[in-house]
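Student: Got a minute to go through a model with me? I'd like to start with the aromatic rings.

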Amino acid sequence: MALSETENECPGGEGGESIVQTCVLGGFGESCETRALLSSLSEVHGSMVTSESATQRFLVIMNRYQEQPHLLDPHLEWMLNMILEFVRSEKSPPSLVHLSFKFLYIICKVRGYKIFMQLFPHEVADVQPVLDLLSRQDPKDSETWETRYMLLLWLSMTCLIPFDLYRLDGHLESDGGKAREPTMDRILAIAKSYLLVCDSPRDAASVLVSKFMTRPDVKQKRLGDFLDWSLTTISQTSDQSVRDIMVLDGALQSLVNTHTHRSHKPAACIPVSPTILQCLEQKNLSESSQAMLRKLGVKLIQRLGLTFLKPRLATWRYQRGSRSLAANLSMSQSTTVAATPDVETQKLEEDYDIPEELETVIEHLLVGLKDKETIVRWSAAKGIGRVTGRLPKELADEVVGSVLDCFSFQETDNAWHGGCLALAELGRRGLLLPSRLTDVVPLIVKSLTYDEKRGACSVGSNVRDSACYVCWSFARAYEPEELEPFVTQIASALLITAVFDRNVNCRRAASAAFQENVGRQGTFPHGIDIVTAADYYAVGNINNCYLNISVYIASFPEYTEAMIDHLIAMKINHWDSVIRELSTKALHNLTPKAPNYMATTVLPQMLPMAVGIDLHGRHGAIMACAEITHALYKLDVNLVLFKTVELEDCTVYKMLFIQKDYLFVTYSLIFILLHLQVAVVSALSALCEEYYQDEPGQANSGMQDVLVSQYIEGLKSPQMLTRCGSALALGSLPRFMIHSKLNQILEGLQQMCTVSQKDGSFTEARRDAVKAIAQVCVKAGVCAHGSPDSALCSENVAGVYGALLNSMNDYTTDSRGDVGAWVREAAMTSLMDVTKLVASICMMCCLAQQAAEKIDHYRAHAGNVFLRLLHSTEPAVPHIPHQEELLSIFPTDSATACLNWNAPSQAFQYITQLLGLPQYQYHTLLGLTVSVGGITESTVHFSSQSLFDYLRGIQDNHAALTQFGDALLSIFRDNLRNDRVSIPFLKMLDQILANSCFEIFTTQDNHQFCVDLLALCKECKKTKDISKLRACVTVFCGLIQFQGEVRKKVLSQLLMLLSGQSFTTTASQMYEMLLTYDDVINPEMLDDVMTLLSDTNWLSDLATVRTHRNQLCDWLGVPRPQVVTKVTRISEGRYKRQTFYVLSPC
């Protein structure tokens, strides 16, 4: 058993490759197991489980031979006989019969019906049993379609018996005296019925029709009626419904298969063909939305076209000799001359009359070449070849000319593809005479590189693949001397496709076509060497093609300049950035093969492209210039070439090529592509170091003023990417360029961090500005009493920290989500970098807040920055608040080093310990708020668990609990109208109250914490946010545990919420509250209150709800809410009336 490998390429032109190994089998090795499976059918058919298991196992065995079905041929007969024994047995139940036919279908599917159906027994004695069994089937049974499919194929074989079917009828009178239907009519009726079904038996019925209708007796008596029925069916149905589509499919298939068997007959024997053609024209199938119907229409039209022509091969066709390579080699010693028609043959062809209908046939086939589906174009191309093969030479040449019209740049890629397929068919059949090669070869060369941009990608891979097929067919069709004038064009184009095409299938097709030409023509330069290097497997890896194989092929001078020109014209401006980058690298590798051509021809072509309007072209041209000049530099080539060239709108460069040295001088960073920013900024610092110093450490003042002022001005640009590029450029400037300009740079960056945040836009620019502030400060250094223009000192440090700390509160959101997190992340890193020079208390608190928040990635980043600052020793960060306590929480051991901040189960048990440190308590609790009150299950679980563990630890510490309560109130008060914080805060507060964490406060009447909290919740109640109101309700229910007058106020707020139609959940929350706290009302009234809360429909009209609400007020001893109307003056003569509830005096 041998192994073969096939490779599939990753999308986007990547070089990764996956290898799939497939077995090349030597024979049918499962014959014993198959015998056992077939013998067990009588035992397994009764159970669905066992029958399905046997079927699946048989499928696995048969599917192994999908690619080598001929290995089954010696075993088909005994498998068929074993299965037919069950079918023919009268004792076999229906389930066994259907299972047997299912196994037959599996074999037929693998081997193909044309081969397998020939093995069916087709004696006279088989006709009636098969016909009777088929008559008993239900065409609508979707479970047994395999039975009907195989019976139709079997019946089509029994129709081939060489006896008139009327001899099988005998006496048509049955035992009851009623006349029986003739066999011929029964078969025809079954065929018609199954041509109209919607499943696979329709295909088998078309095979039956093709065999049955071509019998002499049937053709004489029933052919006309059947054709009338078919044409009527076609004309009366449309392709608007699934049912009609299936009917049309069956009728067209039957006509196609019938004409396939009759296409060798002369037109005089088929008078109905014009009628069929006229019907198809009226039906206009070429406009159908169904590809299969269009394909069948084209197929039928070409069959009709063949019936209009004499069944003979054109004597004028070009004949090379034997199609066998071995036979051609054996005849190589003798001179073989291609056959050409003599004068007498031409005279005979001139006497041959062509029917008028043929023009319509050819027109339809030419239209089919431009269809949007490949199967239609392929069928039309084969039809063109077959019909042209029977035409006189002059008419055939006109057909070739019409095919060449498909290769117009006004045509779509579908027309180009269809034209290539048609040319390949014509060439393969010898119908494309050598005189036409001068017109055809240039078009095929263009097709080999056809690539048309469509939106964000391109089309044309099918055109290039079919063009390779044309070249493959030419290799077999023509003598070497005929193709010799075009060898250079074809060879270069095939190699370019084989090496540089983006699609792996096209590369492999071109490689195969080149190999075929090398073997059959023998005139391709260096063919054997190239075929060895660029074989089927080698061209599978696109990186290998561009960077290695291309270099080897370019070592042959016949192909060098053609490959370079193709890369310049087609690839460096390709829409795929991967192809552009590979192309420029290939140009770098190819430069040693033609250095003078690169320097004198290619580089001058690149410069105009580098300033063109095409973005892709500019990108590729700039990279190509860099790669080529780098390669020329390594070759030690002296160049004095070009005057100054400015590349505007992408990156302004000045290119100087003088005595081996080249230089890119960046004048501005007006970027369009983000990845160009990173690349240019990375080079800016080295560029300044090399060329912008008058003396070491002293900047060129003129260039310094130009760069700094231009970048600071760019920070105010309305274009976001210009702001980003300017900020990144300022951050990358070396120290000597910042000297004496620091204050000006910091002011520009700080202004962009704060002012532009008002409208929430330019988030990426703020992120880059925050990064640049730290980079500039680190490069400038620290000097406490220094100049603010030269170092970070007491005069400017406050502004730096103010900008960075303000950025920690950037919670901007847009359609992309929490984009402010980008700024916060950059601010955390920048604070760490700056604080290694000067420390700040607020910075550590803000980091603690971020380390307690809900987003894993940014929590981890904040935690790591926090620990790095805490544990930093070189230099040590001074003035960290509670540094000793922090080191006890986060010791410098391996356990802390391995702490996974991304995991909530590990992070929150550490971060909640900061709640005990006064200076960290507010910020840590603020971060925990959005985690405990969030929606991520794991984050909520572990954060709340850690918070409650901390609160349980301070239950007996009245001072600590009071301090914690004050922090809670401060956070609530500061973020009362900030839904990002207030809604999670209410959810967290509900959990804290439900766990009785403030139980020590409930023993005191009207505790101040509850009074303040109730007042803040009343303010929250004014919101229109449903989720916020529901959270308020749960908090009100939790506040009921506090004693004193505050309890009545809480009840009043809950009862007022009962009157809102959007808050019927208030009733259920109150119900649960009264069950939990049984001391709220008098026990004698508890049952009445609970009944009223549970039975009342709180969605009913307002008057009814108000009545029940007032009843609850009386039972609970709270005042009834009163309706108050307030009239507010809006403008002159305009007033606004508002109605709301207030509590009446107690």
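Student: Which residues do ring pairs link into a cluster?
Tutor: Ring pairs link Phe866, Phe890, Trp901, Tyr910 and Tyr920. Rings of Phe, Tyr and Trp (its six-membered ring) pair if their centres lie within 6.5 Å; planes under 30 degrees apart count as stacked, over 60 as edge-to-face and the rest as tilted.

Student: Before we go on, what are the ground rules here?
Tutor: This is a predicted model, where local features need pLDDT of at least 70, side-chain atom pairs count only at pLDDT 80 or more, and totals for chains, interfaces and linings use all residues. Residues are numbered from 1 along each chain as its sequence is written, and side-chain values use heavy atoms, with hydrogens and water left out.

Student: OK. How many aromatic pairs does the count come to?
Tutor: The count is 28. Take Phe500 and Tyr546: their ring centres are 5.0 Å apart and their planes at 50 degrees, so the pair is tilted.

Student: Where do Phe500 and Tyr546 lie?
Tutor: Phe500 is in helix α25 (residues 487-500) and Tyr546 in helix α28 (residues 542-554), so the pair ties together parts 46 residues apart in sequence. Helices (H or I, at least four residues) and strands (E, at least two) are DSSP runs, numbered from the N terminus.

Student: Is Phe500 buried or exposed?
Tutor: Buried, at 0% relative accessibility. Tyr546 is buried too, with a relative accessible area of 0%. Buried means under 20% relative accessible area, exposed over 50%, partly exposed in between (1.4 Å probe, protein chains only).

Student: Back to the cluster. What kind of pair do Phe890 and Trp901 form?
Tutor: A tilted one, 6.0 Å centre to centre with 35 degrees between the planes. Phe890 sits in the loop between α43 (883-889) and α44 (894-897), and Trp901 in the loop between α44 and α45, 11 residues apart. Phe890 is buried at 0% relative accessible area, and Trp901 is buried at 2%.

Student: New topic. What covers the buried residues of α47?
Tutor: The cover includes α42 (856-871), α45 (904-911), α46 (918-932), α48 (958-974) and α49 (979-994). Among the buried residues of α47 are Val940, Leu947, Phe948 and Leu951.

Student: And α55, how many residues does it have?
Tutor: Helix α55 (residues 1083-1095) has 13. Its buried residues are Val1089, Met1090, Leu1092 and Leu1093.

Student: Why do they line one face of the helix?
Tutor: Seen down the axis of α55, the buried residues fall within an arc of 165 degrees, so they line one face. The arc is that of the directions from the helix axis to the C-beta atoms. The face turned away from the buried side of α55 carries the exposed residues Glu1084, Asp1087 and Asp1095.

Student: What covers the buried side chains there?
Tutor: For the buried residues of α55, the cover includes α54 (1065-1076) and α56 (1102-1116). Contact means heavy atoms within 4.5 Å.

Student: Last one: how many residues are in the largest nonpolar core?
Tutor: It has 203, and those with the most contacts inside it are Phe120, Met150, Phe212, Leu494 and Phe514. A nonpolar core is a set of buried Ala, Val, Leu, Ile, Met, Phe, Trp, Tyr and Cys residues joined through side-chain atoms within 4.5 Å. Apart from this core lies another, of 144 residues, among them Leu886, Phe985, Leu1051 and Leu1112.

Terms used
Expected span 1.5 Å × (residues − 1).
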